[in-house]
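Work through the exercises below with the sequence and the model side by side. Try each task before you read its solution.

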Amino acid sequence: MGSTGATRGRRGAAALALGLTAGLALWGSLGCATAAPEPGAWERVVPGRVWPPPPERARIGYLGQIRSAEDLGRNKGWLARFVDGVFGEESMSLVKPLSVARSPDGLLAVTDPGVPTVHFFDLQRREYRWLDEEVASLLGSPVGVAVDERRHVYVTDSVRRRVFVFDDQRRLVGEFGEDLLQRPTGIALDPSRKRIHVVDTLACQVLSFDRSGRLLGRFGSCGSGPGQLHGPTYIAVTPDGTIAVSDSMNFRVQTFLPDGTPLASFGRVGDSAGTFARPKGLASDAQGRLYVVDGAFDNVQIFDPAGRLLLAFGGPGNGPGEFNLPVGVFMDTTDTIWVADSFHQCLQAFRLLEE
């Protein structure tokens, strides 16, 4: 979308605050800061940064940001920093984070085509690493990322037209899709079925692989009808196996059964609550609710499994919890929502506040 669409989207961000009262009832029935926070601050909700604002009961709370290793709360002395610098382990800040995913035990992986590289944040050990120069040289433009329970990190590369697989020691352990993918972008795992779903933006398709990289099937075609896609980007799998796809140039989200059969869709182009201007990242929580990033609205909209709007959080700006062209989103097992805020060059973290 050009500058006109982005302007409309930012104007419409204010309108998204309207019409959410009914969404909150349905829920009940079912910017990076300019200064880095103190270490560990992103682990607790920042007072006053919640959505919806009072007097409504808060559903989403802002935790903080991760821009580099320093935000993990592990500060090194000058000698350690000198040694790291000599041996190439000095901390690197995020440049253009696009996608984020986290393993059940705390390994956070972030794709960054601005370098290009993949960042590895170990939240349990408070450690940070990135791909070494030799491995990173294989990358052209890393886009999507997923992490399984073995800490294997799956990275789509839209230029190399394949999926790279790394272990948690940053070693390349596999790759697949070279002769099948035209422009791979979003990627999501279906743990119960041991499947890997990859969005091919150029082919307007989703391809499904097993963990060895063997193609199991594909669905979708170019168009605007049910089951058709136009410029799809990101993908998520709900707990029951439903596949949700950001059908970006059709300004909607489409859902599919695990076998690729079209199920439903919601959204349309617009600048009001529940509509889209630039839908990108997708995530699902344990209740099957879908979190949709809109890069023009600079927010995240939350929908119930039936596609009804529940709430929106974020907004344009440079303050805590505000975005500038957010892209990827991921919900982890601790109910933490991670958003890749590309122009603010950081991850922002939020907490789902449930009773």
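Phe 251 sits in the loop between β16 (243-247) and β17 (252-256). The model is a predicted one, and this loop is the place to begin.

**Exercise 1. Find out whether Phe 251 is buried or exposed, and which sign its phi has.**

Step 1. Take the accessibility. Phe 251 has a relative accessible area of 16%.
Step 2. Apply the cut-off. Buried means under 20%, so Phe 251 is buried.
Step 3. Look at the backbone. Phi of Phe 251 is positive, about 55°, although the residue is not a glycine.
Step 4. Set this against the general rule. Most residues other than glycine have a negative phi.

**Exercise 2. Do the same for Asp 298: locate it, then give its phi and its burial.**

Step 1. Asp 298 belongs to the loop between β20 (290-294) and β21 (299-303).
Step 2. Its phi is positive, near 55°, and Asp 298 is not a glycine.
Step 3. Asp 298 counts as buried because its relative accessibility is 0%.

**Exercise 3. Locate the cis peptide bonds at Pro 52 and Pro 55, and give omega for each.**

Step 1. Start at Trp 51 and Pro 52. A cis peptide bond joins them, with omega about -10°.
Step 2. Go on to Pro 54 and Pro 55. They too are joined by a cis peptide bond, and omega is about 15°.
Step 3. Place the prolines. Pro 52 lies in the loop between β1 (50-51) and β2 (60-66). Pro 55 is in the loop between β1 and β2.
Step 4. Recall the general rule. Most peptide bonds are trans.

**Exercise 4. Describe the disulfide: which cysteines does it join, and what is its handedness?**

Step 1. Count. The structure holds one disulfide.
Step 2. Name the pair. Cys 204 is joined to Cys 222, with an S to S distance of 2.3 Å.
Step 3. Use the torsion. About the S-S bond of Cys 204 and Cys 222 it is about 85°, so the disulfide is right-handed.
Step 4. Place both ends. Cys 204 is in the loop between β12 (195-200) and β13 (205-210), and Cys 222 is in the loop between β14 (215-219) and β15 (232-237), so the pair ties together parts that are 18 residues apart in sequence.
Step 5. Check burial at each end. Cys 204 is buried, at 5% relative accessibility. Cys 222 is partly exposed, with a relative accessible area of 48%.

**Exercise 5. Work out the strand order of the open sheet that contains β7, and say why β7 and β10 stand at its edges.**

Step 1. Read the order. Four strands form the sheet, β7-β8-β9-β10, with antiparallel pairing.
Step 2. Find the edges. β7 (142-147) and β10 (172-176) each have a single partner strand, so one side of each is left without a neighbour in the sheet.
Step 3. Add the turn. Neighbouring strands of this sheet are turned by 20° against each other on average, direction ignored.
Step 4. Zoom in on one pair. Four bridges join β9 (residues 162-166) to β10. Val 165 has Gly 174 in β10 as its bridge partner.

**Exercise 6. Describe β11 and its hairpin with β12.**

Step 1. Check cover. In β11 (residues 184-190), seven of seven residues are buried.
Step 2. Check pairing. β11 and β12 run antiparallel and are joined by five bridges. One bridge links Pro 184 with Asp 200 of β12.
Step 3. Check the turn. The hairpin has four residues between the strands, and Lys 194 takes a positive phi near 55° there.

**Exercise 7. Which residues touch the most other members of the largest nonpolar core?**

Step 1. The core has 18 residues, and the ones sought are Ile 60, Tyr 291, Phe 313, Ile 337 and Phe 350.
Step 2. Trace the suppliers. β2, β20, β21, β22 (309-314), β23 (326-331), β24 (336-341) and β25 (346-352) each give at least two residues. The largest share, three residues, comes from β22.
Step 3. Follow one member. Leaving aside neighbours within four places in sequence, Ile 337 is in contact with residues including Ile 60, Tyr 291, Phe 313 and Phe 350.
Step 4. Look beyond this core. Another core lies apart from it, with 17 residues, among them Leu 63, Ala 69, Val 110 and Trp 130.

Conventions: Residues numbered from 1 in each chain as written. Predicted model: local features only at pLDDT ≥ 70, side-chain atom pairs only at ≥ 80, totals over all residues. Heavy atoms only, no water. Pairing = 2+ DSSP bridges. Axes fitted to C-alpha atoms, helices over the stretch in contact; angles between N-to-C directions. Disulfide = S-S within 2.5 Å. Buried < 20%, exposed > 50% of the residue type's maximum accessible area, 1.4 Å probe, protein only. Core = buried A, V, L, I, M, F, W, Y, C linked by side-chain atoms within 4.5 Å. Contact = heavy atoms within 4.5 Å.
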